[in-house]
Amino acid sequence: MDMPRPAGRPPASTTAAAGVPADGGTGRGTDDGAGTAAGDDPAGGRVDGTAQAPPDPGVGSAEWDLLTDDVRWSAEVFRLLGCDPGHGPLSLDRLPDRLDEVDRPQLRRMMTDALVHGRHAYGTLQVRRPCGGHELVECAGEPVLGTDGTVTALRLLLRPADRAA
């Protein structure tokens, strides 16, 4: 999923599976015999319960599996949303808690577009920081469809909004 980029920002390096775990999005991985799952960085680049980081620095990926309630966030999503990785990722119903009240309707529209209508969603939202400040974050989401055409998961890419744009 390509995220629209603001004017003046160089294109991100992308792959067809940007933000998708190496195991095809199941989040389960496979053991390589060395004690690390496929997609895990043996040097500690991924924490349990997080999604594989996309190749573009500053971009975070998140996935909510609607069938298993599994939620995976990259370390960058925790940073962008001001959440403590020790508490784990937020469920979809808790995600609006991180936003300014005025941006919650936009997030609801984005979620409806993706989860109900099966469309890609994009928006820029103001995230409340733990220190009381705010940060603009661009979000691009896509539904993951099952074999019967129903939405089975939601994937989001997040990055800081270019303040100069």
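Q: A polar contact is a pair of N or O atoms within 3.5 Å, where within protein one must be able to donate a hydrogen and the other to accept it, and residues adjacent in sequence count only if both atoms are side-chain atoms; what makes Arg 98 and Arg 128 fit this description?
A: In this predicted model, a polar atom of the Arg 98 side chain lies 2.5 Å from the backbone oxygen of Arg 128, and that separation falls within the distance limit for a polar contact.

Q: What kind of model do these values come from, and how are residues numbered?
A: The model is predicted, with local features needing pLDDT of at least 70 and side-chain atom pairs counting only at pLDDT 80 or more, while totals for chains, interfaces and linings use all residues. Numbering starts from 1 along each chain as its sequence is written, and side-chain values rest on heavy atoms, with hydrogens and water left out.

Q: How do you know that Arg 98 has no salt bridge?
A: A salt bridge requires a side-chain nitrogen of Lys or Arg within 4 Å of a carboxyl oxygen of Asp or Glu, whereas the nearest side chain of opposite charge to Arg 98, that of Asp 97, is 7.6 Å away. Charge here follows a simple rule, with Lys and Arg positive, Asp and Glu negative, and His and the chain ends not counted. Arg 98 is nevertheless buried, and it sits in the loop between α1 (75–81) and α2 (104–115). Its contacts (heavy atoms within 4.5 Å) include Leu 81, Cys 83, Gln 126 and Pro 130.

Q: What does Asp 100 contact through its side chain, and why is no salt bridge assigned to this residue?
A: Asp 100, also in the loop between α1 and α2, is buried, and its nearest side chain of opposite charge, Arg 128, is 4.8 Å away, so the pair misses the salt-bridge limit. The side chain of Asp 100 does make a polar contact with that of His 134, at 2.7 Å. Gln 126, Arg 128 and His 134 are the residues that Asp 100 touches, leaving aside those up to four places away in sequence.

Q: Why is Asp 69 called exposed, and what is its phi?
A: The relative accessible area sets the class: buried is under 20%, exposed is over 50% and partly exposed lies in between (1.4 Å probe, protein chains only). Asp 69 has 66% relative accessibility, so it counts as exposed. Phi of Asp 69 is near 65°, a positive value in a residue other than glycine, and the residue lies in the loop between β1 (60–65) and β2 (71–73). Most residues other than glycine have a negative phi.

Q: Why are Asp 113 and Arg 119 both classed as partly exposed, and how are they joined?
A: Their relative accessible areas are 24% for Asp 113 and 44% for Arg 119, so each value falls between the cut-offs for buried and exposed. The two side chains meet in a salt bridge, with N to O at 2.7 Å.

Q: What makes Arg 129 and Glu 135 a salt bridge, and are these residues buried or exposed?
A: Their closest N and O atoms are 3.5 Å apart, which is inside the limit for a salt bridge. Arg 129, at 18% relative accessibility, counts as buried, as does Glu 135 at 10%.

Q: Which parts of the chain does the salt bridge between Arg 155 and Glu 63 tie together?
A: The closest N and O atoms of the pair are 3.0 Å apart. Arg 155 lies in strand β5 (residues 151–160) and Glu 63 in strand β1, so the bridge ties together parts that are 92 residues apart in sequence. Both residues are buried, and Glu 142 joins them in a network of salt bridges.

Q: Why is the pair of Trp 64 and Trp 73 called edge-to-face?
A: Rings of Phe, Tyr and Trp (its six-membered ring) pair if their centres lie within 6.5 Å, with planes under 30 degrees apart counted as stacked, over 60 as edge-to-face and the rest as tilted. For Trp 64 and Trp 73 the centres are 6.4 Å apart and the planes stand at 75°, so the pair is edge-to-face. Both Trp residues are buried, and together with Phe 78 they form one aromatic cluster.

Q: Which residues touch the most other members of the largest nonpolar core?
A: Among its 24 residues, these are Trp 64, Trp 73, Leu 81, Leu 95 and Leu 158. The elements giving two or more residues to this core are β1, β2, α1, α2, β3 (121–128), β4 (134–145) and β5.

Technical notes:
Helix = DSSP H or I, 4+ residues; strand = E, 2+ residues; numbered from the N terminus. Core = buried A, V, L, I, M, F, W, Y, C linked by side-chain atoms within 4.5 Å.
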